[in-house]
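User: I'm new to this and I'd like to know how the labels people put on residues are justified. Can we go through some together?

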Amino acid sequence: MKDRAYGKDYVDKIDEETEALKRQLAAQQALAAEAQSYINTDSADLIAAGAIIGEDGVIQNYDALVEQWVAEYNAAVDAWNNSEQEDADAERFEDAEQLFEDRMQMIEDYEDALQTMADAEAEIEELRNQMSENALEKITYTHELNLEVNERDVEFLDYLQDKYDGILDQQDELFSSLIQEASEYESNFAALQQAYDDLVADF
């Protein structure tokens, strides 16, 4: 899990998530392209059947169009009922029935494609937002990590400085002690020299 990672591992987890998001994005983009292809085909067929489609893809004369198709179908039913119901009459009725079913299916397929496109576009936007958030998180985390590392460097340098200062203090104390000992030795030597000189003078 990313929350349990730290440092480079955490950054790697962000990159892994981003790569997964890229794959999802590619899949949604392919789905949107496929839906757009269906929309183009279905809209052309609907327009040929009398539909008026706006820039937003909505069938503007939906109610009137369906009402017209229902009226045509009902007329075919009436014609069948009032006919001799021979083979030719049956064929005309079946053709009219099939045409009505095809038209209604065409509307259903078109609306399904529109919904698929809308869902895919919403998912694409969400994925892009997540990728942007990951990119920002990576930049922010890396910056904070660098600051943390710099702070640790400063702390370590301070530690080294303290150790160095301590060594210098010890050296100063040792040097002062040596000087003191040398001074005491010199004084003692001078005293012995004077005593020797006094003794020689007595002879």
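Analyst: Sure! Let's begin with a cut-off: a salt bridge is a side-chain nitrogen of Lys or Arg within 4 Å of a carboxyl oxygen of Asp or Glu. Keep in mind that this is a predicted model. A search of the whole structure finds five salt bridges.

User: What makes Lys-22 and Glu-19 a salt bridge?

Analyst: Their closest N and O atoms are 3.5 Å apart, and the limit is 4 Å, so the pair counts. The two sit three residues apart in helix α1, which means about one helical turn separates them.

User: How do you know that Arg-103 and Glu-72 form a salt bridge?

Analyst: Here the closest N and O atoms come out at 2.7 Å, and the cut-off is 4 Å, so that one passes too. Arg-103 belongs to helix α3 and Glu-72 to helix α2, so the pair ties together parts that are 31 residues apart in sequence.

User: Why is Arg-103 called buried?

Analyst: Buried means under 20% relative accessible area. Arg-103 has 16%, so the label fits. Its partner Glu-72 has 35%, so Glu-72 is called partly exposed.

User: And what about Asp-89 and Arg-92, what are they called, buried or exposed?

Analyst: One of each! Asp-89 has 14% relative accessibility, so it's buried. Arg-92 has 52%, and exposed means over 50%, so Arg-92 is exposed. They form a salt bridge as well, with the closest N and O atoms 2.2 Å apart.

User: Why does Asp-42 have no salt bridge?

Analyst: The nearest side chain of opposite charge, Arg-103, is 13 Å away, while a salt bridge needs the atoms within 4 Å. So Asp-42, in helix α1, is buried without one. Leaving aside neighbours within four places in sequence, Asp-42 is in contact with Met-106, Asp-109 and Tyr-110.

User: How do you know that Ser-43 is buried?

Analyst: Ser-43 has a relative accessible area of 15%, and the limit is 20%, so it's buried. Ser-43 touches Ile-53 and Tyr-110, not counting residues up to four places away in sequence.

User: What makes Gln-85 stand out in its phi?

Analyst: Most residues other than glycine have a negative phi. Gln-85 isn't a glycine, yet its phi is positive, about 55°. You'll find Gln-85 in the loop between α2 and α3. At 41% relative accessibility, Gln-85 falls between the 20% and 50% limits, so it's partly exposed.

Conventions: Residues numbered from 1 in each chain as written. Predicted model: local features only at pLDDT ≥ 70, side-chain atom pairs only at ≥ 80, totals over all residues. Heavy atoms only, no water. Helix = DSSP H or I, 4+ residues; strand = E, 2+ residues; numbered from the N terminus. Buried < 20%, exposed > 50% of the residue type's maximum accessible area, 1.4 Å probe, protein only. Lys, Arg positive; Asp, Glu negative; His and termini not counted. Contact = heavy atoms within 4.5 Å.
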